Amino acid sequence: MKTYIFIVIFTTLVTAYCSAIPTNEKKQRVHEKSLSDEDHEKNGQHNNEFDHDAFLGHDEAETFDQLSPEESKARLSIIVDKIDENKDGEVTEPELKAWIQYVQRRYIVTDTDRMWKDHDPNNENLLVWNSYQKRTFGYDDEPKEGSPTFDYKNMIERDRRRWNRADTDKDGKLSKEEFQHFLHPEEAEHMRDIVVEETLEDIDKDGDGYISLNEYIGDMWPRKEEEKGEEEPDWVKSERDQFTVHRDKNKDGKMDREEVMDWIIPADYDHSEAEADHLIFEADADKDGKLSKEEILEKYDLFVGSQATDFGEALTKHDEF
């Protein structure tokens with residue numbers, strides 16, 4: 001049963017984090033638009049881990065973190081050749097932006113592929129709800145009082161609601177594309193109100209349909225009872241200002257559905273373009289507005305991570321990126 005619960009938590013993107021999260025860490029609610037769960041700055045200092053996630057994707061960035069500098073540069077060189085689509089020896093802003101967007105889409109596609117295979121849809125290449133529920137929760141019966149699934153009633157109903165929204169042709173089954181929308185609703189326009197609804201359910205503790213400042217901070221910085229007298233970290237104070245100045249646009253002291261949408265799925269900022277411009281600015285030694293392979297390799301630690309020492313051949317035997 002633990003396996004099934006894990007799958008539920010994994011596939012349901014907008015769920016509350018467990019209470020074991022250290023309370024000085026910031027919980028993220030913004031979806032995918034931010035390229036990384038890392039902050040671009042930490043304690044006023046630039047955070048290269050954000051750039052690594054944006055440039056490589058989180059999983060691949062972790063792989064690079066285990067490589068020697070020499071191996072990181074060698075693999076980065078291969079990636080640069082892929083980014084340089086017209087093979088002119090220069091990486092332009094549009095090429096770098098396209099690569100970053102590809103990296104973000106790749107996570108969604110590979111995650112969907114993995115989950116699709118795990119659920120093993122029928123020969124019609126469609127996934128039915130009862131099959132999904134049984135694979136995820138262990139039972140395919142309705143979550144009625146006294147039934148084995150009653151303990152998971154809220155999670156099942158929440159997944160079913162998301163399932164029905166993803167089922168655009170209303171045949172009761174999900175195609176692979178529809179299943180991708182189910183797993184990653186923030187990426188599909190017709191699913192985004194579900195993301196808002198789930199976020200409100202998680203954060204709106206008094207059930208009034210709005211997110212107050214205290215609910216906003218309490219979700220990002222959940223504290224145990226014995227910790228409530230502790231001084232707030234600087235980032236919490238900053239988030240209070242963010243709520244007041246930017247999140248609460250109509251200044252009524254709370255966030256409505258539209259304001260929640262603007263917060264968790266911002267539409268007015270191209271993060272991939274901003275990240276491409278940032279990387280070029282940092283690595284463009286001759287200031288010609290584009291990057292040569294030499295400039296990228298010279299600043300390799302901006303694009304990819306590595307260990308300062310080589311931990312041996314075993315750690316560097318990975319499939320080619």
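**Exercise 1. The nonpolar core**

Task: In this predicted model, find which residues of the largest nonpolar core touch the most other members, and which helices each supply at least two residues of this core.

Solution: The largest nonpolar core has 24 residues, and those that touch the most other members are Phe55, Leu76, Leu96, Phe303 and Val304. Turning to the helices, at least two residues of this core come from each of H2 (48–56), H3 (58–65), H4, H5, H13 and H15 (300–303). As a general background, nonpolar side chains tend to be buried together in soluble globular proteins.

**Exercise 2. The surroundings of valine 304**

Task: Leaving aside residues up to four places away in sequence, list what valine 304 touches.

Solution: With those sequence neighbours set aside, the contacts of valine 304 are His52, Phe55, Leu56, Phe64, Ser72 and Leu76. Two of these names, Phe55 and Leu76, also appear among the core residues that touch the most other members.

**Exercise 3. A salt bridge between lysine 293 and aspartate 81**

Task: Locate the two partners of this salt bridge, and decide why the pair ties together separate parts of the chain.

Solution: The side chains of lysine 293 and aspartate 81 form a salt bridge, with 2.8 Å from N to O. Lysine 293 belongs to helix H14 (residues 293–298) while aspartate 81 belongs to helix H4 (residues 69–83), so the pair joins parts that are 212 residues apart in sequence. As for accessibility, lysine 293 is partly exposed at 23%, and aspartate 81 is partly exposed at 38%.

**Exercise 4. Lysine 97 and glutamate 273**

Task: For each partner of this salt bridge, say whether the residue is buried or partly exposed.

Solution: The closest N and O atoms of lysine 97 and glutamate 273 are 3.3 Å apart in their salt bridge. The pair links distant parts of the chain, since lysine 97 sits in helix H5 (residues 93–119) and glutamate 273 in helix H13 (residues 271–283), 176 residues apart. Buried means under 20% relative accessible area, and lysine 97, at 19%, therefore counts as buried, whereas glutamate 273, at 32%, counts as partly exposed.

**Exercise 5. A network of salt bridges**

Task: Describe the salt bridge between arginine 161 and glutamate 197, and name the residues of the network to which they belong.

Solution: These two side chains, of arginine 161 and glutamate 197, meet at 3.2 Å from N to O. Arginine 161 lies in helix H7 (residues 153–166) and glutamate 197 in helix H9 (residues 192–203), 36 residues apart. Arginine 161 is partly exposed at 24%, as is glutamate 197 at 27%. The network of salt bridges links Arg158, Arg161, Arg162, Glu197, Glu198, Glu201 and Asp202, and the count of salt bridges in the model comes to 17.

Key:
Residues are numbered from 1 along each chain as its sequence is written. This is a predicted model: local features need pLDDT of at least 70, side-chain atom pairs count only at pLDDT 80 or more; totals for chains, interfaces and linings use all residues. Side-chain values use heavy atoms; hydrogens and water are left out. A salt bridge is a side-chain nitrogen of Lys or Arg within 4 Å of a carboxyl oxygen of Asp or Glu. Helices (H or I, at least four residues) and strands (E, at least two) are DSSP runs, numbered from the N terminus. Buried means under 20% relative accessible area, exposed over 50%, partly exposed in between (1.4 Å probe, protein chains only). A nonpolar core is a set of buried Ala, Val, Leu, Ile, Met, Phe, Trp, Tyr and Cys residues joined through side-chain atoms within 4.5 Å. Contact means heavy atoms within 4.5 Å.
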